[in-house]
Amino acid sequence: MTTVPSFTDLLKGAKLPEASKPICLRADLTAEFEAAERELDLLRKQPRQTDSLAGSPAGLLVRRIEELQQEMTAATYTFRLRALPKSRWRALVAAYPPRKDDKGEPLAEDAQIGVNREDFLDALIKVSVIAPVMTEEQWTELLETITDRQYSDLCDEAWFLNRGEVSVPFSRAASLLKRDTGNE
């Protein structure tokens, strides 16, 4: 029989939500990967002389694609983010009020989320990313190196850690594996 912990015990062990977000820092390799994929696709449509890939143009392309995948995987860093305590979140939001237009009304892009989007999001990811610990120079370099989509992915992760729902997650993969192996 399991004992249900008291609220006091649960509160002592309470932690803010965390998430991880992998970001490939060698996105330049994407073009070479896509070109090799297109070339391989063209070769696949041609009749093959042999079933062996060894030494064939297709085999060379397969090897190059695998090398590029390995290079991109090796150049991927998984950023670790943590939500802010409510007081720090509210102070951060208050520090970046929405910008105003000529009529004194909040800009539409800022009014939508209630902050100066242009400045707030940089500040949000800087205080939410707990690993790696970066210098200001490294932050500048990172933000000039990643794509807008990668930046948005980090911002979204930080935003939803602070503003999203926290519930016990369900793992479909674990459930399916457990069912398939008959383990309970």
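Exposed, in these legends, means over 50% relative accessible area. The model shown here is predicted.

**View 1. E165, out in a loop.** Let's start with a residue that the cut-off settles right away. E165 sits at 73% relative accessibility, so it counts as exposed. Its place is the loop that runs between α8 and α9, the latter covering 172–181. Now look for P17: E165 and P17 are 148 residues apart along the chain, yet 10.0 Å separates their C-alpha atoms.

**View 2. The largest nonpolar core.** Here we go inside. This core has 25 residues, and the members that touch the most other members are F79, L81, F120, L124, I125 and L154. Two or more residues each come from the strands β1 (18–24) and β2 (76–82), and likewise from the helices α4 (86–95), α6 (117–128), α7 (136–145) and α8 (148–163). Helix α8 gives the largest share, with six residues. There is another core, set apart from this one; it has five residues, including L40, A58, L61 and I65. As a bit of background, nonpolar side chains in soluble globular proteins tend to be buried together.

**View 3. F79 and its contacts.** This view picks out one member of the largest core, F79. Which residues does F79 contact once its neighbours within four places in sequence are left aside? Among them are A19, S20, K21 and I23, along with V129, A131, P132 and M134. L142 and L154 complete the set for F79.

**View 4. A cis peptide bond at P132.** Two of the F79 contacts, A131 and P132, are worth a look of their own. The peptide bond that leads from A131 to P132 is cis, and its omega is near 5 degrees. As for location, P132 belongs to the loop between β3 (129–131) and α7.

**View 5. Aromatic rings around W89.** The structure has five aromatic pairs. In one of them, the ring centres of W89 and F120 are 5.7 Å apart with the planes at 85 degrees, so this pair is edge-to-face. Because W89 is in helix α4 and F120 in helix α6, the pair ties together parts that lie 31 residues apart in sequence. Both W89 and F120 are buried. W89 also pairs with W159, again edge-to-face, at 5.4 Å centre to centre and 70 degrees between the planes. With W159 in helix α8 and W89 in helix α4, that pair ties together parts 70 residues apart in sequence. W159 is buried, as W89 is. Add Y96 to W89, F120 and W159 and you have one aromatic cluster.

**View 6. The second largest pocket.** Stay with W159, which turns up in the lining of the second largest pocket. How big is the volume of this pocket? About 180 Å³. The rest of the lining is made of I113, R117, L121, D148, Y151, S152, C155 and D156. Helices α6 and α8 each supply at least two lining residues, and the largest share, six residues, comes from α8. Sorted by class, the lining holds five nonpolar residues, one polar and three charged.

**View 7. D110, a buried acid.** Is D110 buried or exposed? With 0% relative accessibility, D110 counts as buried. This residue lies in helix α5, which covers residues 108–111. Not counting neighbours within four places in sequence, D110 has contacts with P98, R99, V115, N116 and R117. R117 is also one of the residues lining the second largest pocket.

**View 8. R44 and a long span.** R44 is found in helix α2, residues 29–44. Its relative accessibility is 63%, so R44 counts as exposed. For a sense of scale, measure across to I130: the C-alpha atoms of R44 and I130 are 45 Å apart in space, while the two positions lie 86 residues apart in sequence terms.

**View 9. Q69, in between.** Q69 is in helix α3, residues 57–74. What does 40% relative accessibility make Q69? It makes Q69 partly exposed. Q69 and S56 are 13 residues apart along the chain, with 20 Å between their C-alpha atoms.

Terms used
Residues are numbered from 1 along each chain as its sequence is written. This is a predicted model: local features need pLDDT of at least 70, side-chain atom pairs count only at pLDDT 80 or more; totals for chains, interfaces and linings use all residues. Side-chain values use heavy atoms; hydrogens and water are left out. A nonpolar core is a set of buried Ala, Val, Leu, Ile, Met, Phe, Trp, Tyr and Cys residues joined through side-chain atoms within 4.5 Å. Buried means under 20% relative accessible area, exposed over 50%, partly exposed in between (1.4 Å probe, protein chains only). Helices (H or I, at least four residues) and strands (E, at least two) are DSSP runs, numbered from the N terminus. Contact means heavy atoms within 4.5 Å. On a 1 Å grid over the protein atoms alone, a cavity is a set of points where a 1.4 Å probe fits but cannot get out, and a pocket is an open set with protein on both sides within 12 Å along at least five of seven lines; lining residues have an atom within 4 Å of a point. Grid points are joined across faces, edges and corners, and a volume is the space filled by probe spheres set on the points. Ala, Val, Leu, Ile, Met, Phe, Trp, Tyr, Cys and Pro count as nonpolar, Asp, Glu, Lys and Arg as charged, and the others, Gly among them, as polar. Rings of Phe, Tyr and Trp (its six-membered ring) pair if their centres lie within 6.5 Å; planes under 30 degrees apart count as stacked, over 60 as edge-to-face and the rest as tilted.
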